[in-house]
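Biologist: I would be grateful for a close look at one part of this model. Please describe how its pieces are paired and packed.

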Amino acid sequence: MAEALIVRNLSRRFGGLRAVQDLSFSVNEGETVALIGPNGAGKTTSFNLITGYHRPNAGSIAAFGRELVGLRPHAICAHGLARTFQVARPFGKMTVLANVMTGAFLHDRTMDGAREKAHEAIDFVGLSAKEHLPARDLTTIDQRRLEMARALATQPRLLLLDEVMAGLNPAEIDQAVALIERLSQRGLTIVIVEHVMRAIMAVARIIVVLDHGQKIAEGKPEEVMANAEVIRAYLGTGFVHGAVSGAAQC
Ligand SMILES: Nc1ncnc2c1ncn2[C@@H]1O[C@H](COP(=O)(O)OP(=O)(O)O)[C@@H](O)[C@H]1O
Ligand SMILES: [Mg+2]
């Protein structure tokens, strides 16, 4: 299977803080990989490095056969990588449709074409009934849907999702999982950062665990969940007995 993303020996410091240290992992085309770990582990920084918002101090990032380090975010997006932001930042006064069209314009500069792409993405995430509302009037789950639609409208080959389930109730989490499964079935490659472990278990083929910027484990969900180092650093011993402890949410 071809590799969609290859991260090699990636490091990023902020002053004296090593936010990401010598991180390597890869994602096959069409596969979903989860990046998990406690708050401050370096997950969002990894996304910022992959999508060109930060430059690494060392290491390489290749996607679909092209080196990304040094490219600007819009060039990386045009190469087929799209992301959501942990803190949704839509243009609040603009409608849902207009927000999503800003993503669609990347590949389609005509109003009609961009509107059509935006409609497709809005429909896919289930926001059609609200497409004329200002983005700031949306509920939490609808804001997450909007983030997804905006990313999808850029027609990515690789989608990076940063805590899209934060603040959702269990039924909404189920909907979000179903949405991610549908994206995966369409052949999209996905890297997901999430604390909701049951969602991760449902969608991820491989889990990469970060702690203090370093990879401490990588493997199939059931292997990673049973890893003593992962339980110590992140899941908490209560997790194995079904209780929620540590930072992970079930
Ligand atoms: N722009 C920045 N400037 C300074 N420190 C940062 C910046 N971004 C992240 N950090 C720090 O890097 C570490 C990793 O943060 P982050 O990648 O956001 O973690 P996670 O997403 O896993 O919770 C944290 O200690 C955070 O405070
Ligand atoms: Mg984060």
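Modeller: The account below concerns the open sheet, with a ligand shell and a group of packed helices treated after it.

The model is predicted: local features need pLDDT of at least 70, side-chain atom pairs count only at pLDDT 80 or more, and totals for chains, interfaces and linings use all residues. Residues are numbered from 1 along each chain as its sequence is written, while chains are lettered from A and ligands numbered from 1 in the order in which they are written.

Six strands make up an open sheet of mixed pairing, in the order β6-β7-β8-β3-β9-β10. Strands (E, at least two residues) and helices (H or I, at least four) are DSSP runs numbered from the N terminus, and two strands pair if DSSP finds at least two bridges between them. At the edges stand β6 (81–83) and β10 (214–219), each of which pairs on one side only. On average, and with direction ignored, neighbouring strands of this sheet are turned by 15° against each other. Angles between axes run from 0 to 180 degrees between N-to-C directions, the axes being lines fitted to C-alpha atoms, for helices over the stretch in contact.

Strand β3 (residues 32–36) runs parallel to strand β9 (residues 206–211), with four bridges between them. Within this pairing, V33 is set opposite I206 of β9. Helix α9 (residues 228–235) packs on the sheet, where it touches β3, β9 and β10, and its direction makes about 125° with that of β10. Contact here requires that the C-beta atoms of two residues, placed from the backbone, lie within 7 Å. Further along the pairing with β9, L35 has V208 as its bridge partner.

On to the edge strand: β9 and β10 pair in the antiparallel sense over five bridges. There L210 faces K215 of β10. These two strands form a hairpin with two residues between them, and H212 takes a positive phi near 50° in it.

The ligand shell comes next. F14, L17, A19, G37, N39, G40, A41, G42, K43, T44 and T45 surround ligand 1; a residue is near a molecule if its C-beta atom, placed from the backbone, lies within 6 Å of it. Two or more residues of this shell are given by each of β2 (17–28) and α1 (43–50), and α1 supplies the largest share, three residues. The shell divides into four nonpolar, six polar and one charged residues. For these classes, Ala, Val, Leu, Ile, Met, Phe, Trp, Tyr, Cys and Pro count as nonpolar, Asp, Glu, Lys and Arg as charged, and the others, Gly among them, as polar.

Finally, the helices. Two packed helices are described by the angle between their axes and the distance between the axes. Helix α3 (residues 96–104) and helix α4 (residues 111–125) have axes that come within 8 Å and cross at roughly 115°. On the α3 side the contact is made by V96, L97, V100, M101 and A104, and on the α4 side by A114, R115, K117, A118, A121 and I122. Of these contact residues, nine are nonpolar, none is polar and two are charged.

Helix α3 also packs against helix α5 (residues 140–152), at an angle of about 35° and with the axes 7 Å apart. In that contact, V96, N99, V100 and G103 of α3 meet L146, A149, R150 and A151 of α5. By class, five of the residues in this contact are nonpolar, two polar and one charged.
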